[in-house]
Each structure stands twice: as structure tokens, then as C-alpha cells.
Amino acid sequence: AFGFLGIYILVTALSLPGATIMTLAAGALFGFAWGVVLVSFASTLGATLAFLVSRYLLRDIIQAKFGDRLQAINSGFEKEGAFYLFTLRLVPLFPFFVINLLMGLTSIRTWTYYWVSQVGMFAATLVYVNAGTQLAQLDSLSGILSPSLLASFTLLGVFPLIIKRFLSGLKKRLVYAKWEKPKSFDRN
């Protein structure tokens, strides 16, 4: 388990391909509970290492060269960086390694990056590790059509849509709450 954890952290920190395969393998090798624990911490620690490498090797160079053009992005991340990161972690629109590297260029605090990544990646970790546990239970080709395996892969497919709908509803609530008049001004 510690060897797997170390390799996963290294793969993620170096932005190497294979994190998805390793997540499925964690479910197959360690079962659901231990697979989730290992992947959750390994992926977040590796992502944070990639974030730190980007921050300390690239941030000053990029800010010096494009600072005036990045001012709006920087101010947006100062105000709502945690929410932006959470959204990026939930919706698998951008590759994992791109988020790690680009977030290192922003002003988001390292601790905030770590815990938001841990929480934001948790749902996808559950889904992928579960799919790995289902794959491990295959004993023949006919098992590919088992209800539990089909359900796992269906969940993998619809997961981004579910998250997109959730975030859309959350955004509407936040906008409504921001513009709602206080009760004391209500004359009715």
C-alpha cells in the first residue's frame, strides 16, 4: 500500500499519464475503502507537489511577463479562488495536470489549494475506485454485463453531467442570495 501510495504521488506530481488507471487499480487491489483512502490522499499530495513546483519555478516568470494581462484573473482568484478550484475539481473539463500547474501560477494559498482539492476530487475518487472494485470481481467475459459493473460505468459517464447540474443550481442560489433584498427593506 505504501509503495502504491508513493508511486501514485510521484505520477501525479510529475504530471505523468496514468492516474485514472492507477485509481481503477487501487479499487481492484485494495478494495473500496482502502482504495478511496489511498487515492484520495495520494492524488491530493501529488497535485499539491505539482502545484508547488509550478509556483516556485514558473509563477514569477509568468507574472513578470504577463502580469498586466493576468490582473483580472489574479483579483478573481483572490476573491473566489477556492470556489473556482472546487468547480474545476468537480467538473472534469480540464486535464488534472493542467489544473495543478495553472493553479500554481495564481495567488491561492497552498493550504486552501490542498483542502479544496481533497474535497473537490473526492466524489470522482469514489466513482473511479468503485469501478475498479467492480472490475476486480470479474471472473469471466460474461461478467462485463453484470448489473453492478454496468452501473459503475454508467455512473462514470453521467458523473460530469450530475456535477454540472449541481454546480449550475449552486451558482443560481449564490447569485440569488447575493442580490436578494434584506427582509428589513421589505414593505409587504
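1. A good place to start is confidence, since this is a predicted model. Among the elements of the chain, helix α8, covering residues 147–179, has the lowest mean pLDDT, at 68, while α1 has the highest, at 95. Across the chain the mean pLDDT is 81, with 83% of the residues reaching 70 or more.

2. Next, have a look at the largest nonpolar core, which holds 13 residues. The members that touch the most others are F4, L5, Y8, M22, V39 and A42. Helices α1 (2–13) and α2 (19–57) each supply at least two residues of this core, and α2 gives the most, with 7 residues.

3. Y8 is a handy residue to click on here. Setting aside neighbours within four places in sequence, Y8 is in contact with A19, M22, T23, V39, A42 and S43. Of these partners, M22, V39 and A42 are also listed with Y8 among the core members that touch the most others.

4. Apart from that core lies another one, made of 9 residues. Its members include F77, L85, I99 and I108.

5. Finally, do visit R89, which sits in helix α4 (residues 71–90). Is R89 buried or exposed? R89 counts as buried because its relative accessibility is 6%, and the cut-off for buried is under 20%.

6. What does R89 meet there? Not counting residues up to four places away in sequence, R89 touches A47, F96, I99, N100, Y113, S117, G120 and M121. With one of these, S117, R89 shares a side-chain polar contact of 3.2 Å. Another partner, I99, belongs to the core of 9 residues.

Definitions and conventions: Residues are numbered from 1 along each chain as its sequence is written. This is a predicted model: local features need pLDDT of at least 70, side-chain atom pairs count only at pLDDT 80 or more; totals for chains, interfaces and linings use all residues. Side-chain values use heavy atoms; hydrogens and water are left out. Helices (H or I, at least four residues) and strands (E, at least two) are DSSP runs, numbered from the N terminus. Buried means under 20% relative accessible area, exposed over 50%, partly exposed in between (1.4 Å probe, protein chains only). A polar contact is a pair of N or O atoms within 3.5 Å; within protein, one must be able to donate a hydrogen and the other to accept it, and residues adjacent in sequence count only if both atoms are side-chain atoms. Contact means heavy atoms within 4.5 Å. A nonpolar core is a set of buried Ala, Val, Leu, Ile, Met, Phe, Trp, Tyr and Cys residues joined through side-chain atoms within 4.5 Å. pLDDT is the predictor's confidence in each residue, from 0 to 100.
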